[in-house]
Amino acid sequence: MTGKRFGSAFALVFALGGFGCSAQVDDLGDDNDDFRIINGDPAPSNVAEYAATVGVHVRSGNQVSVEPFCTGTLISSEVIMTAAHCCDESNGGPNANPMEPDEVAVYFGQGPAFVGNNVNGEFFGISEVSIHPSYSKFSLNNDICLFRLEVPNTDTTPIPHLPASLGLSNGDAGTLLDHVGFGYSDLSFSQYGVKLHADVPLAGLGCVVPGCPSPATGGQFSYVQDGNPFFGPCNGDSGGPAFINRGGTTYTAGITSYGDQGCSVYGVSTNVSAYEGFINDFIGTAPPPPPDCSADGVCNGDCAPGDDPDCGGNPPGGCDNDGVCEAGESCDGRNGTTACGDCPGVTNGRPSNRFCFVNGVCEGPGC
């Protein structure tokens, strides 16, 4: 797997093992397996919100895991939203330890991700990982993490995060939320790795379903999934979205967080609208793209000395005496350039005959 956006020809695989993230908790602090959709329907990628739902895979060098260990959502062209416990590698101790960006890749496709040795979709690399600073690995409060893609995905429509102005309230109890994820589709855990979805009604803000052990908090919402008649997420769907429609627009309203051990009583998701500031700050602080230092015939002055072969091997703005008037050079040093014999010019005499080559371009009436 080479580069930043990975096609099928470059994605090698290894079996997923030894790398998990907790999502089911039957008692606070009791970690179990990941969270996935039970009795879900196929989530075809020709529907925008399902296309924006991604699998989160372990990456090691040029290899990725066969199966995802979590799910996430594309909320801008370069930002993936998932659960904090999917990003936490602390393995004991009170503090979270975010995974390194080169340890994870995200999968865009319907799944399974691999058919034989061929990728059934596309993988993207990650350049940045941010866990919410107040995330608790014990209560799973503030269970939200953001990835930045190494290159934007401009082929998939992002599903924006639900803003606080349209946030969920207890008045939305009974509203159907569309949960999506990769993985187990039955309580016997026999089918895994295909993107599924299921509508489940909101019970209320906080962990309010009978049997739910967490204290009520506006940073979470909960739902009944006892199969009468609704099932919901179960092993492996951690980080996956719960979508809602507000005024004709689909938003990402929830992030699958945890539930009971049997996936047959309740589920809890992070309430996305409570984290608008954290999300907006991350989306708005993308580092500037690196300068283009390729051999494209143009000397880019933002490149470090020697990085752009079009700059003659010298710092942009210097005179390399190679006989070519290029970026940073001029006949007389005008406009912040360096006077250089590589750039011809006539700057005295009759005005109509005067000219000067600047950055390889002739200026003046005598050109």
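Reader: With which residue does Arg334 form a salt bridge in which the closest N and O atoms are 3.7 Å apart?

Author: The model is a predicted one. Side chains of opposite charge can pair when their charged atoms come close. Arg334 lies in the loop between β22 (329-330) and β23 (338-339), and its partner lies in strand β26 (residues 361-363), so the pair ties together parts that are 29 residues apart in sequence. The partner of Arg334 in this salt bridge is Glu363.

Reader: Is Glu363 buried or partly exposed?

Author: A residue counts as buried under 20% relative accessible area and as exposed over 50%. Glu363 has a relative accessible area of 31%, and because this value falls between the two limits, the residue is partly exposed.

Reader: Which side chain meets that of Arg334 in a salt bridge of 2.9 Å, N to O?

Author: Arg334 is itself partly exposed, with a relative accessible area of 28%. The other side chain is also partly exposed, at 36%. The residue that meets Arg334 at 2.9 Å is Asp332.

Reader: How many salt bridges does the model contain?

Author: The pairs include Arg334 with Glu363 and Asp332 with Arg334. Another is formed by the side chains of Glu128 and Arg148, at 2.8 Å from N to O. By the rule applied, the count comes to five.

Reader: How many residues apart are Glu128 and Arg148, whose pair links distant parts of the chain?

Author: The side chains of Glu128 and Arg148 meet in a salt bridge. Glu128 belongs to strand β12 (residues 122-131), while Arg148 belongs to strand β13 (residues 145-149). The separation between Glu128 and Arg148 is 20 residues.

Reader: Which residue is linked with Glu128 and Arg148 in a network of salt bridges?

Author: Within this network, Glu128 counts as partly exposed at 28% relative accessibility. Arg148, by contrast, counts as buried at 2%. The residue that is linked with Glu128 and Arg148 is Glu78.

Reader: How many residues make up the second, separate core?

Author: The largest nonpolar core has 46 residues, of which Ile80, Met81, Val106, Leu146, Phe147 and Ile279 touch the most other members. The second core is separate and includes Leu177, Leu202, Ile244 and Ala253. Its number of residues is eleven.

Reader: What relative accessible area does Thr270 have?

Author: Thr270 has its place in strand β21 (residues 266-271). Leaving aside neighbours within four places in sequence, Thr270 is in contact with residues including Asp143, Ile144, Phe221, Ala253 and Tyr275. Thr270 is buried, and its relative accessible area is 1%.

Reader: What distance separates the C-alpha atoms of Phe355 and Cys367?

Author: Phe355 is found in strand β25 (residues 355-358). Not counting residues up to four places away in sequence, Phe355 touches several residues, among them Cys331, Pro344, Glu363 and Cys367. Phe355 and Cys367 are twelve residues apart along the chain, and their C-alpha atoms are separated by 5.6 Å.

Reader: Which peptide bond is cis, with omega near 5 degrees?

Author: Most residues other than glycine have a negative phi, and most peptide bonds are trans. The proline of the cis bond, Pro229, is found in the loop between β17 (220-224) and β18 (233-235). The cis bond runs from Asn228 to Pro229.

Reader: What is the value of phi at Leu140, a residue other than glycine?

Author: Leu140 has its place in the loop between β12 and β13. Leu140 is buried, with a relative accessible area of 2%. Its phi is positive, near 60 degrees.

Reader: What positive phi does Asn359 have?

Author: Asn359 is placed in the loop between β25 and β26. Asn359 is partly exposed, with a relative accessible area of 39%. Although Asn359 is not a glycine, its phi is positive, at about 55 degrees.

Reader: What share of the contacts with a separation of 6 or more is due to residues 24 or more positions apart?

Author: The secondary structure of the protein chain comes to three helices and 26 strands. Buried residues make up 47% of its 367 residues. For the contacts in question, the share from residues 24 or more positions apart is 62%.

Terms used. Residues numbered from 1 in each chain as written. Predicted model: local features only at pLDDT ≥ 70, side-chain atom pairs only at ≥ 80, totals over all residues. Heavy atoms only, no water. Core = buried A, V, L, I, M, F, W, Y, C linked by side-chain atoms within 4.5 Å. Buried < 20%, exposed > 50% of the residue type's maximum accessible area, 1.4 Å probe, protein only. Salt bridge = Lys/Arg side-chain N within 4 Å of Asp/Glu carboxyl O. Helix = DSSP H or I, 4+ residues; strand = E, 2+ residues; numbered from the N terminus. Contact = heavy atoms within 4.5 Å.
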